[in-house]
Amino acid sequence: MDDKAQHRIHSQVCPVCGSSSLLPFLSCTDYLTTKEVFEICKCKQCGFALTQDFPSEDMIAPYYEAPAYISHTDTHKGIVNSLYHLARKMALKSKSKLVTHYASQKSGMLLDIGSGTGYFLNRMKQLKWIVTGIEKSESARAYAKQKFNMDCQKSEYLYDIPAKTKDVITMWHVLEHLEHLNEVMDRLHTILKDDGIAIIALPNKDSFDAAYYKEFWAAYDVPRHLWHFSPSDFLHLADKHNFQLIDIKPMYLDAFYISMLSEQSKGSFMASICGLVKGGIFFLRTLANKKRSSSLIYILKKKQ
Ligand SMILES: [Zn+2]
């Protein structure tokens, strides 16, 4: 543990507003891999929350090595996985629609950061976009190559991209995983064309499901999720990096998936069914209050 302690990132100040008043908020368990407990702190000034003492980039890989981390697999076992794959199909369709709707042109240069196994990029390629993916997992890159003949880049590539060259940048549930939050936001602004758009999907810590499950909320996902945003937190960060909001869209299906995982973490009887039912209730409540959706998609452009 002593060796591990040297590789922990301790935040002294809030990365969104710079305040040094970080107060204990929740103690969350890594249910996926190690069962270690991590503290989530909340900024007294702006309300942003972060995972305190998370493992640094060079030490975090083991925390992703879980058979249950299904976003990188194609297994169809169990109700959670089956629904996940069905949801992924529906999500792919709505993601590509979203790009087509908000982009200033019908095709162009698209960068997907955290491109995973390449399904979204492949779909955009079929729609005539010139696509580039960045993915830190070697196995996910190999999968994208084998399945779609897609060459995705390593993380460092983000800093090799020339300025103002991308029409669309997408990050689907990725920013909350990245250690260098402010640097990445700056980088997005640099590489985006002046009329480009950034589409960023994030879990919503102000969601109905987060309020209900508290420390069991699966989208805290410590220590893989480092940053925990509400809509106002993220808009504060975006504004700081010279972005303005075009639109916010709810990701309705996430309430089901996150509720099922949260029930599993709680050790509930018939966790999947229980999660589906409660997810359904959260989904219905979200219809009347979209900003309390389990996850939100922010569509941003550069401030003019
Ligand atoms: Zn703050």
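**Zinc site**

I began with the zinc ion in this predicted model and looked up which protein atoms hold it: the donors are the SG atoms of Cys14, Cys17, Cys43 and Cys46, which lie 2.2 to 2.3 Å from the ion. Along the chain I read the spacing of these donors as C-x2-C-x25-C-x2-C.

I then asked what geometry the site of the zinc ion has. The angles among the four donor atoms run from 100 to 113 degrees, and the site is tetrahedral. For reference I noted that the ideal angle for four tetrahedral donors is 109.5 degrees.

Are Cys14 and Cys17 buried or exposed? Cys14 has a relative accessibility of 2% and therefore counts as buried, the cut-off being under 20%. Cys17, with a relative accessible area of 28%, is partly exposed.

**Four-stranded sheet**

Next I turned to the sheet with the order E2-E3-E4-E10, which is open, has four strands and shows antiparallel pairing. Its edges are strand E2 (22–29) and strand E10 (227–228), each of which pairs on one side only.

Inside this sheet I followed strand E3 (residues 37–43) to strand E4 (residues 49–51), and found the two joined in the antiparallel sense over three bridges. Which residue of E4 is the bridge partner of Ile40? I found Thr51 in that place.

I also checked Lys42 and found that it lies over the face of Phe25, at 4.4 Å from the ring centre.

**Aromatic pairs**

I went on to the rings, keeping in mind that a pair is described by the distance of the centres and the angle of the planes. The count for the model comes to 16 aromatic pairs. In the pair of Phe54 and Trp227, the ring centres are 5.6 Å apart and the planes stand at 85 degrees, so I entered the pair as edge-to-face. The two partners come from distant parts of the chain, with Phe54 in strand E5 (residues 54–55) and Trp227 in strand E10, 173 residues apart. Both rings are covered: Phe54 is buried at 1% relative accessibility, and Trp227 is buried with a relative accessible area of 5%.

A second pair I looked up is that of Tyr119 and Phe148, whose centres are 5.0 Å apart and whose planes are at 80 degrees, so this pair is edge-to-face. Tyr119 belongs to helix H3 (residues 119–126) and Phe148 to helix H4 (residues 138–148), so the contact ties together parts that are 29 residues apart in sequence. I noted that Tyr119 is buried, with a relative accessible area of 18%, and that Phe148 counts as buried at 13%. On the ring of Tyr119 I found a further neighbour, since Arg88 lies over the face of Tyr119 at 4.0 Å from the ring centre.

I then traced which residues are linked by ring pairs into a cluster. The members are Phe48, Phe54, Trp227, Phe229, Phe234 and Tyr298, so the Phe54 and Trp227 pair entered above belongs to it.

**Six-stranded sheet**

My last entries concern the open sheet of six strands, which has the order E7-E6-E8-E9-E12-E11 and mixed pairing. Strand E7 (130–134) and strand E11 (243–250) are the edge strands, each pairing on one side only. On average, and with direction ignored, neighbouring strands of this sheet are turned by 20 degrees against each other.

I looked at strand E6 (residues 109–113) with its partners. E6 pairs with strand E8 (residues 166–172) in the parallel sense over three bridges, and in E8 the bridge partner of Leu111 is Ile169. E6 also runs parallel to E7, to which five bridges join it; there I found Leu110 opposite Val131 and Leu111 opposite Thr132. Leu111 of E6 thus has Ile169 as its partner in E8 and Thr132 opposite it in E7.

How many residues of E6 are buried? I found four of its five residues buried, and noted the strand as mostly covered. For E7 I recorded that four of the five residues are buried, so this strand is largely enclosed by the rest of the structure, although E7 is an edge strand of the sheet.

Notes: Residues numbered from 1 in each chain as written. Predicted model: local features only at pLDDT ≥ 70, side-chain atom pairs only at ≥ 80, totals over all residues. Heavy atoms only, no water. Pairing = 2+ DSSP bridges. Donors = N, O, S within 2.8 Å, 3.2 Å for Na, K, Ca; no water. Tetrahedral: all angles 85-135°; square planar, octahedral: opposite > 155°, others 65-115°. Buried < 20%, exposed > 50% of the residue type's maximum accessible area, 1.4 Å probe, protein only. Phe/Tyr/Trp six-rings, centres within 6.5 Å; stacked < 30°, edge-to-face > 60°. Lys NZ or Arg CZ within 6 Å of the ring centre and 35° of its normal. Axes fitted to C-alpha atoms, helices over the stretch in contact; angles between N-to-C directions.
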